[in-house]
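Q: Please take a close look at a single part of this model. I would like to know what surrounds it, and how it relates to the contact between the chains and to the charged pairs.

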Amino acid sequence: MTGKGVIRILVVDDHPLLREGIRAVIETQPDLSIVAEAEDGESSLELYDRHRPDVVLMDLQMPGMGGVAAIESLRKSHPLARIIVLTTYAGDAQAMRALRAGAAGYLLKSSMRKELLETVRSVHSGGKHLSAEIATGIALHLAEDVLSGREAEVLAMAAAGNSNKQIAARLGLSEDTIKGYMKVIYSKLGAADRTHAVTIAAKRGIINL
Amino acid sequence: MDKTPLPAAGDVAVIGEWQDFQIDVIAGDLSTTEADILVAAICGQLTNAAQLGPGIAPLDRALRGALARLRSDGIFSGRWGETLFLSAPPPPINAAGVLMLGLGPTGPDLQFHLRRALRSAADHAAGFGAAHAAFGPANLDTGSPRFNDIATARSLLRGVLDICGLRPGKLQRWSFVAPPTEFEVTADKYRMALEGLTDH
């Protein structure tokens, strides 16, 4: 059904099973219709141009162009695009990036069945929608500094098992500079050590493991 | 000396009743009001979180500062009629969700903007399947000396009643939430505003 008054939806997720699950939920509703499915950020841009959907359901973790970059690109070329993030990540940093990029909704896949339909309708009618859990997570880190791009990069390398010496060699910096970065990272995250910093950053969506 | 006790939190003054719809004033604050959806009115002119106002502050505290943070980060700008729904708020909040409603900057066409913003809030509440929505603060400071309290209340009532006309049977109750110290005077104000509407 793609008649007048029907909300046309583009689903972007690299997992076919997840897309199938979303389709199963959406297809029970006479006022909602999936017009296209994409499995990565790049193809979502092309499919958006072709179908001009009313609402996009976007995963964040995808191979190639990820969800946040796709949201930024879509909103740049189509400022009125209405995008809802569907993710397994409750981290405040990840949510903040998506919302700042222009997402109008942020939904955890765990609550999808319950909230998906009302979120699609609400966002289509111009509203924004996120779970209070995400919003309070964002607020709780109000006083904390977010890591800079370079700090997040250093921590991601540490999370991948690299020593300070290896990180320094890869980035073309001195080992002392990397030690300095690590100190700042511990301080900003309130972490006691390297493992603690990686755990906190992964939980908040600052780095992806 | 008359020592009339203050109304207790949760006391209700009915303003108007129709076949399947009621408008009332509840004593208390949004953070402890029992309803399906809480509508938190947020001005678009705020420059810092402290300016959320006493009517919204308890709800913001219950949400651990989320309203102020979303506002200060610009995720919610507070423009006229803007809405942001927060689902599944934590205890002690006793509602399925909190709807942030932007009440923009003061300026010309205030009555029109207020009515349209309330219509948008009531429409969203009905869309979420809410039977009972509670709005706060009941006493808005519009910042416009030309626009008195009763005219403000009248615009708010018009917005809610618009939706009842358009989507009959969805919403069954709309409450305006006022602190116990302002409960009686607020109820009187809304009664007068409603009389003004029904007279026309």
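A: What follows starts from one helix, H4 of chain A, and works outward to the interface, the chain and its salt bridges.

This is a predicted model.

The helix itself

H4 of chain A runs over residues 92-101. It is mostly covered. Of its 10 residues, 8 are buried. The buried set holds four alanines by name: A:Ala93, A:Ala95, A:Ala98 and A:Ala101. A:Asp92, A:Gln94, A:Met96 and A:Leu99 are buried too.

What does the covering of these buried residues include? Within chain A, it includes helix H3 (67-77) and helix H6 (132-140). Strands E4 (83-87), E5 (105-108) and E6 (128-131) of chain A take part as well. The cover also reaches across to the other chain, with helix H2 (66-72) of chain B.

After the helix comes A:Gly102. Its phi is positive, near 120°.

The interface

The helix H4(A) is also part of the contact with chain B. In total, 20 residues of chain A are in contact with 19 residues of chain B. The area buried between the two chains is about 1700 Å². Carbon and sulfur atoms give 62% of that area.

How many salt bridges are counted between chain A and chain B? The count is 1. A:Arg100 pairs with B:Asp73. Their closest N and O atoms are 3.3 Å apart. Polar contacts between the chains come to 10 residue pairs, both residues being at pLDDT 80 or more.

On the side of chain A that touches chain B, the elements giving two or more residues are H4, helix H5 (112-124), E6 and H6. H6(A) gives the most, with 6 residues. By class, this side has 9 nonpolar, 7 polar and 4 charged residues.

E6(A) also pairs with a strand across the interface. Its partner is strand E4 (residues 83-87) of chain B. The two strands pair in the parallel sense, over 4 bridges. In one of these, A:Lys128 has B:Leu84 as its bridge partner. E6(A) is thus named three times over: in the cover of H4(A), on the side that touches chain B and in the pairing with E4(B).

The chain around it

Chain A has 10 helices and 6 strands. Its C-alpha trace spans about 65 × 30 × 30 Å along the principal axes. Of its 209 residues, 53% count as buried. Among contacts in chain A with a separation of 6 or more, 62% are between residues 24 or more positions apart.

Charged pairs elsewhere

Over all chains the count comes to 16 salt bridges. Three further pairs deserve a look.

Take A:Arg19, found in helix H1 (residues 16-26) of chain A. Is A:Arg19 buried or exposed? The residue is buried, because its relative accessible area of 11% is under the 20% cut-off. Its side chain meets that of A:Glu37 in a salt bridge, at 3.0 Å from N to O. A:Glu37 lies in strand E2 (residues 32-38), so the pair ties together parts that are 18 residues apart in sequence. A:Glu37 is partly exposed, with a relative accessible area of 30%. The two also belong to a network of salt bridges that includes A:Arg23 and A:Glu27.

A:Arg19 has a polar partner too. A polar atom of its side chain lies 2.6 Å from the backbone oxygen of A:Asp13. Leaving aside neighbours within four places in sequence, A:Arg19 is in contact with A:Val11, A:Asp13, A:Asp14, A:Glu37, A:Ala38 and A:Glu39.

The second pair is A:Lys109 with A:Asp59, the closest N and O atoms being 3.4 Å apart. A:Lys109 lies in the loop between E5 and H5, and A:Asp59 in the loop between strand E3 (55-58) and H3, so the pair ties together parts that are 50 residues apart in sequence. Both residues are buried.

The third pair sits in chain B. The side chains of B:Arg115 and B:Asp162 meet at 2.9 Å, N to O, in a salt bridge. B:Arg115 is in helix H3 (residues 110-127) of chain B and B:Asp162 in helix H4 (residues 149-166) of chain B, 47 residues apart. B:Arg115 is partly exposed, at 30% relative accessible area. B:Asp162 is buried, at 17%.

Terms used:
Residues numbered from 1 in each chain as written. Chains lettered and ligands numbered in written order. Predicted model: local features only at pLDDT ≥ 70, side-chain atom pairs only at ≥ 80, totals over all residues. Heavy atoms only, no water. Buried < 20%, exposed > 50% of the residue type's maximum accessible area, 1.4 Å probe, protein only. Contact = heavy atoms within 4.5 Å. Buried area = accessible area lost by both parts, 1.4 Å probe. Salt bridge = Lys/Arg side-chain N within 4 Å of Asp/Glu carboxyl O. Polar contact = N/O pair within 3.5 Å; in protein donor to acceptor, adjacent residues only side chain to side chain. Nonpolar A, V, L, I, M, F, W, Y, C, P; charged D, E, K, R; others polar. Pairing = 2+ DSSP bridges.
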